[in-house]
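Colleague: Thanks for making time today. Could you put the sequence and the structure up, so that we can go through them together?

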Amino acid sequence: MTGQKEPAAVRAWEQNIRRVTPYVPGEQPQGGRLIKLNTNENPYPPAPGVAEALRKLDAGMLRKYPDPAASALVKALAEAYGLASEQIFVGVGSDDVLGMAFLTFFNSERPVLFPDVTYSFYPVWAELFGIPYETCPLDAAFAIDPRDYDRENGGVVFPNPNAPTGCFLPLRQVEDILRHNRDVVVIVDEAYIDFGGESARSLLDRYENLLVVQTFSKSRSMAGMRIGYAFGSPELIKAMQDVKYSYNSYTMSLPAVLAGEAAVRDQEYFKETVGKITATRENAKKRLAAMGFTFPDSMANFLFIRHRTVPAKELYEALRAGRIYVRYFTGPRVCDYLRVTVGTDEEMEELYRFLEEYLAARD
Ligand SMILES: *Cc1c(COP(=O)(O)O)cnc(C)c1O
């Protein structure tokens with residue numbers, strides 16, 4: 001029998017494995033000269049204070065466990081946003097925060113509702129935690145219709161602006177969803193809110209069932225540090241903390257707490273980089289439209305584009321061969337589009353040049 005596989009019947013342990021289909025993040029190509037516009041990272045470095053905080057970090061400081069409450073970071077966020085510390089939860093990227101929120105708040109027999117075209121991690125967490133869910137189709141223009149969320153459910157979650165479309169749902173319509181869902185937790189995933197939208201944070205006073213989730217990965221240029229946070233009523237935050245402390249007390253590393261605190265304290269730099277990206281995005285809308293691309297009006301740091309005549313998959317492959325990475329999703333409706341992250345003006349010029357040449361050569 002040596003060298004041979006054991007018979008299937010012996011491997012009973014296989015039947016007890018939790019089988020899941022994981023979320024697939026965008027490619028992180030290594031080395032060489034390339035333009036990376038595929039995972040919505042910020043092309044600018046984090047605030048200068050972040051590098052300084054990391055320089056001051058002594059390896060000896062890593063000997064002890066970090067503060068489980070990440071108080072320094074929570075305090076900085078509380079001050080920056082005019083909230084109480086009891087209204088803030090922090091985690092290892094907003095993926096960690098959202099995962100904890102799903103686990104904490106979506107514990108009903110009724111289905112959780114989210115859009116059919118949205119962040120593809122939502123169905124993955126729902127499957128992992130055994131949460132029933134139903135999707136609500138976006139309209140022909142990729143907009144969320146608040147009426148779709150006006151029915152019995154076990155909770156609601158949607159990104160605003162939505163991903164991968166970039167569409168922003170005006171606050172008055174976010175409030176419409178809240179008004180019709182007072183008995184469940186409503187999670188607004190604001191990963192891209194700093195690029196022009198209006199945060200639902202202002203509704204926290206009126207809706208104690210509202211959880212607003214944000215991240216350092218996009219507008220604060222710190223995807224590699226993994227910091228996310230949520231704003232909510234003290235009751236919601238306490239419930240999330242109880243779940244977190246039942247799973248892993250020490251989620252935030254000392255470097256993440258110190259670097260995050262430094263980033264939040266520099267609002268000037270934050271406004272400046274966000275301003276540069278929104279200006280580049282508005283220019284990209286003009287340049288891409290002139291080349292025959294159409295797209296929903298994005299309020300995020302990316303554009304969801306399709307060409308009048310050339311299939312998205314063909315463009316994706318041509319760009320990739322030219323060392324320009326953008327995101328291509330398979331699946332109904334989204335397969336006709338490319339999601340292009342807004343980079344620096346220089347990176348975008350190279351993108352426009354490549355596309356102009358490719359489209360001209362194809363004619
Ligand atoms: C990027 C993104 C996140 C998660 O980002 P983290 O890096 O985990 O903070 C969450 N939601 C949406 C819609 C995103 O696009």
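Colleague: In which loop is Pro161 found?

Modeller: Happy to start there, with a word on the source: this is a predicted model, where local features need pLDDT of at least 70, side-chain atom pairs count only at pLDDT 80 or more, and totals for chains, interfaces and linings use all residues. Residues are numbered from 1 along each chain as its sequence is written, and side-chain values use heavy atoms, with hydrogens and water left out. Helices (H or I, at least four residues) and strands (E, at least two) are DSSP runs, numbered from the N terminus. On that numbering, Pro161 is in the loop between β5 (155-159) and α5.

Colleague: Pro164 has its place in the loop between β5 and α5; what is the omega of the peptide bond from Ala163 to Pro164?

Modeller: There are two bonds to look at here. The one from Asn160 to Pro161 is cis, with omega near -5 degrees. The bond from Ala163 to Pro164 is cis too, with omega near 5 degrees.

Colleague: Now the ligand: which residues come nearest to it?

Modeller: The ligand sits in the largest pocket. A pocket is an open set of points on a 1 Å grid over the protein atoms alone, where a 1.4 Å probe fits, with protein on both sides within 12 Å along at least five of seven lines; a molecule sits in one if more than half of its atoms lie within 2 Å of its grid points. A residue is near the ligand if one of its heavy atoms lies within 4 Å of it. Of the 13 residues around the ligand, those that come nearest are Ser94, Tyr192, Thr215, Ser217 and Lys218.

Colleague: How much of the ligand's area does the protein bury?

Modeller: Side-chain N or O atoms of Tyr192 and Thr215 are each 2.5 Å from a ligand oxygen, and for Lys218 that distance is 3.1 Å. Taken alone, the ligand exposes 390 Å² (Shrake-Rupley method, 1.4 Å probe). The part of that area buried by the protein is 92%.

Colleague: Which helix gives the most residues to the shell around the ligand?

Modeller: The helix that gives the most contributes 4 residues to that shell. Its range is 93-105, and its name is α3.

Colleague: Is Thr251 buried or exposed, and which side chain does the side chain of Thr251 make a polar contact with?

Modeller: Thr251 is in the loop between α6 (234-245) and α7 (254-265). Buried means under 20% relative accessible area, exposed over 50%, and partly exposed in between (1.4 Å probe, protein chains only), so Thr251, at 16%, is buried. A polar contact is a pair of N or O atoms within 3.5 Å; within protein, one must be able to donate a hydrogen and the other to accept it, and residues adjacent in sequence count only if both atoms are side-chain atoms. The partner, at 3.3 Å, is Lys244.

Colleague: What is the relative accessibility of Asn40?

Modeller: Asn40 lies in the loop between β1 (35-37) and α1 (48-56). Its phi is positive, about 60 degrees, although Asn40 is not a glycine. Asn40 counts as buried because its relative accessibility is 1%.

Colleague: And does Arg226 count as buried or partly exposed?

Modeller: Arg226 lies in the loop between β7 (210-215) and β8 (228-231), with a positive phi of about 65 degrees. Because its relative accessibility is 30%, Arg226 counts as partly exposed.

Notes: On a 1 Å grid over the protein atoms alone, a cavity is a set of points where a 1.4 Å probe fits but cannot get out, and a pocket is an open set with protein on both sides within 12 Å along at least five of seven lines; lining residues have an atom within 4 Å of a point.
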